[in-house]
Amino acid sequence: MTRSCGARLQVRRLSKAFSGRSVLNEVSFHADPGEVVALLGSNGAGKTTLLRCIVGAEDLDEGTVTLDGEPMRDTDPGIRRRVAAVLDDMAYFTDVTVWEHLDLLARAHGNDTDEDIVDDALAALALTHVGDQVPDTLSSGQRRRLGLATTLVRPFDLLFLDEPEQRLDEAGRAWLATYLRGLADSGRTVVMASHDPELVRSTGARVVHLEEIA
């Protein structure tokens, strides 16, 4: 796939193998400002591995990943400020409450003047009633919603999501679709792996079939 002149994210010929088995072979795609890109593919196609390689959770074997033309290194503080990711293996502060976790994250990203930002995030994801619990006590669905809530309390230009619809009820999926479309409308970029055709349709996502680009 050729590069868009306005691409925010550019992935070029990314390859990854585990124990000699190729999982991703010269994958290339781009994502522009104001765009939702949905990575589709069968189970085992490498969608999660691709996201993990892009955000730096896995080392890629070959290829390049750039953000606005610059190498996207997760060790770069400037990159970390601009990129958010909600993957299945998100780490949480285990010794603080859900409310305190979001408050710490907000303050770490400079959002320390909006007194309602944490309460609003909890309300948006229907987590107000567990705000005084520690993350380890939450159900898997509640932890998934907490991951999404983290994106409401910090700035970013580029958001990565790994099957964000998982473990959300119908109301949660409707909220998610509206939220992601709103992010794109505000000029931000979303790249998500998904198995939900309705979420892909309702967000107006441009579909990238992993099998076609591998």
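Modeller: A pocket here is an open set of grid points with protein on both sides within 12 Å along at least five of seven lines. The model is predicted, and the second largest pocket in it has a volume of about 190 Å³.

Biologist: Which residues are closest to the centre of the second largest pocket?

Modeller: They are Cys53, Gly56, Leu60, Met72 and Arg73, out of 14 residues in the lining. Helix H1 and strand E4 (62–67) each supply at least two residues of that lining.

Biologist: How do you know which class the lining residues of the second largest pocket belong to?

Modeller: Cys and Met count as nonpolar, Arg as charged, and Gly as polar. By these classes, the lining has 7 nonpolar, 3 polar and 4 charged residues.

Biologist: How much space lies in the largest pocket?

Modeller: About 670 Å³. Its lining has 25 residues, and Val83, Ala84, Ala85, Met90 and Arg154 are the closest to its centre. At least two residues each come from H1, helix H2 (77–82), strand E6 (83–86) and helix H3 (98–108). The lining divides into 14 nonpolar, 5 polar and 6 charged residues.

Biologist: H1 supplies residues to both linings. What makes H1 mostly covered?

Modeller: A residue is buried when its relative accessible area is under 20%. In H1, which runs over residues 47–55, 8 of the 9 residues are buried. They are Lys47, Thr49, Leu50, Leu51, Arg52, Cys53, Ile54 and Val55.

Biologist: What follows H1?

Modeller: Gly56 does, with a positive phi near 95 degrees. Gly56 is also one of the residues closest to the centre of the second largest pocket.

Biologist: What makes the phi of Asp68 worth a remark?

Modeller: Most residues other than glycine have a negative phi. Asp68 is not a glycine, yet its phi is positive, about 50 degrees. Asp68 lies in the loop between E4 and strand E5 (70–71).

Biologist: Why is Asp68 called partly exposed?

Modeller: Partly exposed covers values between the 20% limit for buried and the 50% limit for exposed. The relative accessible area of Asp68 is 37%, so Asp68 is partly exposed.

Biologist: Which phi value does Glu163 have?

Modeller: Its phi is near 45 degrees, again positive in a residue other than glycine. Glu163 lies in the loop between strand E7 (158–162) and helix H6 (170–185).

Biologist: Is Glu163 buried or exposed, and how do you know?

Modeller: Its relative accessible area is 12%. The cut-off for buried is under 20%, so Glu163 is buried.

Biologist: Now the helices. Why is H3 called oblique to helix H4?

Modeller: H3 and H4 (residues 117–124) pack at an angle of about 125 degrees, with their axes 9 Å apart. Roughly perpendicular runs from 65 to 115 degrees and roughly antiparallel starts over 145, and an angle of about 125 degrees fits neither. H3 is therefore oblique to H4. The crossing of H3 past H4 is right-handed.

Biologist: What makes H3 roughly parallel to helix H5?

Modeller: The angle between H3 and H5 (residues 140–150) is about 25 degrees, and their axes are 10 Å apart. Angles under 35 degrees count as roughly parallel, so H3 is roughly parallel to H5. H3 passes H5 in a right-handed crossing too.

Biologist: Gly147 is in H5. How do you know whether Gly147 is buried or exposed?

Modeller: Its relative accessible area is 0%. The limit for buried is under 20%, so Gly147 is buried. The C-alpha atoms of Gly147 and Glu70 are separated by 27 Å, and the two residues are 77 apart along the chain.

Biologist: Leu14 lies in strand E1 (residues 9–18). Why does Leu14 count as buried?

Modeller: Leu14 has 0% relative accessibility, so Leu14 counts as buried. Its C-alpha atom is separated by 6.9 Å from that of Leu24, 10 residues apart along the chain.

Biologist: Where is Asp157, and why does Asp157 count as partly exposed?

Modeller: Asp157 is in the loop between H5 and E7. Its relative accessibility is 25%. Buried would need a value under 20% and exposed one over 50%, so Asp157 counts as partly exposed. The C-alpha atoms of Asp157 and Glu170, 13 residues apart along the chain, are separated by 27 Å.

Conventions: Residues are numbered from 1 along each chain as its sequence is written. This is a predicted model: local features need pLDDT of at least 70, side-chain atom pairs count only at pLDDT 80 or more; totals for chains, interfaces and linings use all residues. Side-chain values use heavy atoms; hydrogens and water are left out. Buried means under 20% relative accessible area, exposed over 50%, partly exposed in between (1.4 Å probe, protein chains only). Helices (H or I, at least four residues) and strands (E, at least two) are DSSP runs, numbered from the N terminus. On a 1 Å grid over the protein atoms alone, a cavity is a set of points where a 1.4 Å probe fits but cannot get out, and a pocket is an open set with protein on both sides within 12 Å along at least five of seven lines; lining residues have an atom within 4 Å of a point. Grid points are joined across faces, edges and corners, and a volume is the space filled by probe spheres set on the points. Axes are lines fitted to C-alpha atoms, for helices over the stretch in contact, and angles run from 0 to 180 degrees between N-to-C directions. A crossing is left-handed if the near helix is turned anticlockwise from the far one by less than a right angle, and right-handed if clockwise.
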